[in-house]
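User: Please take a close look at one part of this model, the charged side chains and their surroundings, and give a connected account of what is found there.

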Amino acid sequence: MATDVVELILADHRKFEELFRALRDRNSDRSTVLGELAALLVAHAEAEESKVYPALKRYKEVDNAEVDHGAEEHAEGHQALLALMEVEDTSSDEWESKLEELVQALNHHVDEEERTILNDAREEVSDERRDELGRLFVEVRQSRLDDDCGDIGYVRKIAAATEDRID
């Protein structure tokens, strides 16, 4: 299993894309897939913000403004996730609309994070430090998953707590 934090984050990004494809499929069990996405998305964001982002900000070659912007985009993602989770009818036009808002928000974040923060980290942070950050990332992410962080109550709490980060 990879321990490089960059590779772990990229693997989660590819999993988000896979889950979005399943959510767009009207024949899938959208409620179950949404629960899986919610848990992974929240756990991923919290692991990045608690362990990865603070560590990367210590490197002068890593753009601190981009790291801060990444945290703002996590907050926007939490808002969009909650809006989708609150729509009960997964076959409704409203659900489809809220799904596309979440997909757009997350794809924008993933694209920026991969082009800026992760590329900088790959170039400027030693292999050993990326492995150490990877272990910390996995530890926090798994802890959040074990705590059922994809539950709508938890998502409501973090969406409310991060509202002030959104520009």
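Analyst:

**Charged side chains and their setting**

In this predicted model, Asp 146, Asp 147, Asp 148 and Asp 151 form a negative surface patch. Two members of the patch can be placed in the loop that joins two helices. Asp 151 belongs to the loop between helix 5 (127–146) and helix 6 (152–161), and Asp 148 is found in the loop between helix 5 and helix 6 as well. With a relative accessibility of 36%, Asp 151 counts as partly exposed; patch membership requires over 30% relative accessible area and no salt bridge. The backbone of Asp 148 deserves a remark: its phi is near 60°, a positive value in a residue other than glycine. Most residues other than glycine have a negative phi.

From the patch, the account turns to charges that are paired. Side chains of opposite charge can pair when their charged atoms come close. In this model the count comes to 17 salt bridges, and three of the pairs are described here in turn.

The first to consider involves Arg 130, a residue of helix 5. Arg 130 forms a salt bridge with Asp 4, and the closest N and O atoms of the pair are 2.9 Å apart. Because Arg 130 lies in helix 5 and Asp 4 in the segment before helix 1, this pair ties together parts that are 126 residues apart in sequence. Are the two partners buried or exposed? Arg 130 has a relative accessible area of 7% and is therefore buried, since the limit for that class is under 20%. Asp 4, at 15% relative accessibility, likewise counts as buried. As a separate matter of geometry, the C-alpha atoms of Arg 130 and Asp 29 are separated by 36 Å, these residues being 101 residues apart along the chain.

The next pair is Glu 7 with Arg 122, whose salt bridge has its closest N and O atoms 3.2 Å apart. Glu 7 lies in helix 1 and Arg 122 in helix 4, so this salt bridge ties together parts that are 115 residues apart in sequence. Glu 7 counts as partly exposed at 37% relative accessibility, and Arg 122 counts as partly exposed at 35%.

A further pair lies within one helix. The side chains of Glu 17 and Arg 14 meet in a salt bridge, with an N to O distance of 2.9 Å. Both residues lie in helix 1, 3 residues apart, which is about one turn of the helix. Glu 17 is partly exposed, having a relative accessible area of 28%, while Arg 14 counts as partly exposed at 35% relative accessibility. Beyond such pairs, salt bridges that share partners join Asp 4, Asp 127 and Arg 130 into one network.

The nonpolar interior completes the setting. The largest nonpolar core has 29 residues, of which Phe 20, Leu 23, Leu 34, Leu 37, Leu 81 and Leu 102 touch the most other members. At least two residues of this core come from each of helix 1 (5–24), helix 2 (30–56), helix 3 (64–85), helix 4 (93–124) and helix 6. Helix 2 supplies the largest share, 8 residues. Helix 1 thus appears in both parts of the account, as it contributes to this core and holds Glu 17 and Arg 14.

Definitions and conventions: Residues numbered from 1 in each chain as written. Predicted model: local features only at pLDDT ≥ 70, side-chain atom pairs only at ≥ 80, totals over all residues. Heavy atoms only, no water. Patch = residues over 30% accessible without salt bridge, like charges linked within 9 Å, V, L, I, M, F, W, Y side chains within 5 Å. Areas by Shrake-Rupley, 256 points an atom, 1.4 Å probe, with all protein chains shown as cover. Salt bridge = Lys/Arg side-chain N within 4 Å of Asp/Glu carboxyl O. Lys, Arg positive; Asp, Glu negative; His and termini not counted. Charge placed at Lys NZ, Arg CZ, Asp CG, Glu CD. Helix = DSSP H or I, 4+ residues; strand = E, 2+ residues; numbered from the N terminus. Buried < 20%, exposed > 50% of the residue type's maximum accessible area, 1.4 Å probe, protein only. Core = buried A, V, L, I, M, F, W, Y, C linked by side-chain atoms within 4.5 Å.
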